[in-house]
Amino acid sequence: MNTKKTLFDKVWDSHVVQHIENGPDVLFIDRHLVHEVTSPVAFLGLKSRGIKVLHPEKTFATADHNTPTINQHLPVADPLSANQLRMLEENSNEFGISYWGLGHEKNGIVHVVGPEYGITQPGATIVCGDSHTSTHGAFGAIAFGIGTSEVEMVLATQCIMQTKPKSMRINVEGSLGRGVTPKDVALYIISQLTTSGATGYFVEYAGQVFRDMTMEGRMTVCNLSIEMGARGGMIAPDEKTFEYVKGREFTPAGAAWDKAMAYWETLPTEEGAEFDKEITFNAADIEPMITYGTNPGMGIGISNGIPQADAVEGGVATYKKSLQYMNFSEGDSMMGKPIDFVFLGSCTNGRIEDFRLFTSLVKGRSKAPNVTAWLVPGSHQVEKAIKDEGLLAILNEAGFELREPGCSACLAMNDDKVPAGKYAVSTSNRNFEGRQGPGSRTLLASPLVAAAAAVTGKVTDPRELMELETA
Amino acid sequence: MAYDKFNTLKSSAVPLPIENVDTDQIIPARFLKATERKGFGDNLFRDWRYNSDGTEKKDFVLNNPTYNGKILVGGKNFGSGSSREHAAWAVYDYGFRVVVSSFFADIFRNNCLNIGVLPVQVSAEFLDKILKAIEADPKATFEVSLPEQTITIDGSGESEPFDINVYKKANMLNGFDDIDYLLNISEEIKEFASDRPL
């Protein structure tokens, strides 16, 4: 029997409180992130059972899904949203959980602020009632999204009952070409595997491309793991990880840091460890990506045409329904298609590096008059960096304004809704029907592709606008 | 919270043979603002079911009186996307107790099992047989037996087994939930927690 262990095995196995034969494992959870939408019914459950939160010090609450991205200093206008936000604040107070609500300096998207404050650490188990919890896997943590019954479970017992998923390693070797970003790598992998190709698996990303990637980039890739059906994705912690984590508010310090480091350094997958499935891609095959359909697997290199129905996996009827919703035809080129909205933000691409990329391309250009652009930082810390680094001045000069942090148009629970029939080039994670507002049509892409669309008013290859020396 | 026990169900079925039905279609995000688990069935498949002015879309299956029953039959990769348990609540609240598909997204499957909706995964071939049986007779009934772990097309008697882990099966048969189990092993959890570095 192979005794070599994977990163995933090491973290999972060290958190198993109890194994149930032919059933799930009882898995201990180190960090539980809570937001306003998927928690109220869980807190109601605790109250009806008359029990407390077992480990409030391991539980962190922030408001993000429902929050407005302008005038956050004013009362929230939508009564239902306001009520949900008030419930989270009251529940946090009642159960002794730290709450970073609207107006709090640490407020922001749950998957952006977790890493920013060092809540996210290598080797940890992290859950949240949100499927993009997979983001935190960038640090070598096991992080996955859960439902509200499971939120209640973790609040009550700090444990969750889960069957151990199968393991998959995805290697991307070589170096990325000019204008190709972590978002493109993820959209490429999803387009190859389809939106359900990794269902039942936990993924480890390995290879040169991920070793070279920044922590922000790794978070973007791990974030999108769920879009190919995987419960989560993770990357072995390395010097970049430790450098990022060090010195943050909730990171261990002093002797505790040394002890943590000694453990974290043992985590990477051992040579010879086996995965249930292993796939390798070549970085040279990846170009800037864009989606043309209604799930994240429906993506193509930006210079390619929309595939014919008989060339894609799955049912023809479902495929045609999707193109009909988008009002696209088989064989269409995506380049040059007019667009109406651009959204830069979300837990996928709402970090400082994403704003740097976007700004690098719009610098010295102007927003196209037919485009409405929503630039929404993932947190106040990101917002501050945009200002401190001088990006805001460049963006303003090019005709763009910055909004306040939140999930915003990624899922359009607040007022940031794309109208029916309109096209949005979006750096978010889902292009489902109506995701960005009833009838909205979403083209998922990187911050660079979004920037190129924002200044040209149509789908444009960012490489055409990039200067040669930025290669 | 504990939920209804599930043993055997005999019912007609509602066909929705579309692949990759995501949880944003099952319940759009704008209907996630409730703070209690009530009324989600009204907005099940909201944007496929209703026009923007609130009138019914006549061609959508839930608006077709020919089809009804407690079994929803979906296409491959049912329930992908967001982890919102509200999607499972909407399915339950509308009146479905079983969802049949040839493939389920993980989180949706777990959410269903946690609230007492039984996800029944069948082969693509058997899914096709079920859909054909409904097409031939919208009143065709199916029997889903949890103790036997089988789904049967009553008309033809054809049957296929389905998987469910022993623990979850016992929970559904008895109407127990995971929290009941976890609270019972709280001493073991406490001991484990005392040793954690984080």
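Visitor: Which residues does Cys410(A) touch, not counting residues up to four places away in sequence?

Guide: In this predicted model, Cys410(A) touches Gly345(A), Ser346(A), Ser428(A) and Asn429(A), with residues up to four places away in sequence left out of the count. Each of these pairs counts as a contact because the C-beta atoms, placed from the backbone, lie within 7 Å.

Visitor: What makes Cys410(A) count as buried?

Guide: The criterion is 20 or more other C-beta atoms within 10 Å. Cys410(A) has 29 C-beta neighbours inside that radius, and therefore it qualifies as buried. The residue lies in the loop between helix H15 (391-397) and strand S17 (423-426) of chain A.

Visitor: Which residues does the UniProt annotation "binding site" cover?

Guide: According to the unreviewed UniProt entry, the annotation covers Cys347(A), Cys407(A) and Cys410(A). They are spread over 64 residues of sequence.

Visitor: How do you know that these residues cluster in space?

Guide: The largest C-alpha distance among them is 8.8 Å, although they span 64 residues of sequence.

Visitor: Why is Cys347(A) called buried?

Guide: Cys347(A) has 27 other C-beta atoms within 10 Å. The threshold is 20 or more, so Cys347(A) is buried. This residue is found in helix H12 (residues 346-349) of chain A. Apart from its neighbours within four places in sequence, Cys347(A) is in contact with Ile109(A), His111(A), Val112(A), His132(A), Thr135(A), Asn223(A) and Gly378(A).

Visitor: What makes H8(A) largely enclosed by the rest of the structure?

Guide: Eight of the nine residues of H8(A) are buried, so the helix is largely enclosed by the rest of the structure. The buried residues are Glu216(A), Gly217(A), Arg218(A), Met219(A), Thr220(A), Val221(A), Cys222(A) and Asn223(A).

Visitor: Which domains does the assignment give for chain A?

Guide: Chain A is assigned domain 1 (7-277) and domain 2 (306-463). The centres of these two domains, taken over C-alpha atoms, are separated by 24 Å. Their contact takes 34 residues from domain 1 of chain A and 33 residues from domain 2 of chain A.

Visitor: Which helices of chain A each supply at least two residues of the side of domain 1 that touches domain 2?

Guide: Helix H4 (110-116), helix H6 (182-193) and helix H8 (215-223) of chain A each do so. The largest share of that side comes from H8(A), with five residues. By class, the side of domain 1 of chain A that touches domain 2 of chain A has eight nonpolar, 18 polar and eight charged residues.

Visitor: How many residues does each chain give to the contact between chain B and chain A?

Guide: Chain B gives 50 residues and chain A gives 62 residues. On the side of chain B that touches chain A, H4(B) gives the most, with six residues. That side of chain B divides into 20 nonpolar, 15 polar and 15 charged residues.

Visitor: How do you know that Val91(B) is buried?

Guide: There are 28 other C-beta atoms within 10 Å of Val91(B). Since 20 or more suffice, Val91(B) is therefore buried. Val91(B) lies in helix H3 (residues 86-94) of chain B. With neighbours within four places in sequence left aside, Val91(B) is in contact with Ile26(B), Leu44(B), Leu72(B), Phe96(B), Val99(B) and Val117(B).

Visitor: How many residues apart in sequence are Val91(B) and Cys112(B)?

Guide: Val91(B) and Cys112(B) are 21 residues apart in sequence, and their C-alpha atoms are 8.9 Å apart in space.

Methods. Residues are numbered from 1 along each chain as its sequence is written. Chains are lettered from A and ligands numbered from 1 in the order in which they are written. This is a predicted model: local features need pLDDT of at least 70, side-chain atom pairs count only at pLDDT 80 or more; totals for chains, interfaces and linings use all residues. Domain bounds come from an automatic or database domain assignment. Two residues are in contact if their C-beta atoms, placed from the backbone, lie within 7 Å. Helices (H or I, at least four residues) and strands (E, at least two) are DSSP runs, numbered from the N terminus. Ala, Val, Leu, Ile, Met, Phe, Trp, Tyr, Cys and Pro count as nonpolar, Asp, Glu, Lys and Arg as charged, and the others, Gly among them, as polar. UniProt positions are given in the numbering used here, feature names are shortened, and annotations may be inferred rather than shown by experiment. A residue is buried if 20 or more other C-beta atoms lie within 10 Å of its own, exposed if 12 or fewer, and partly exposed in between; C-beta atoms are placed from the backbone.
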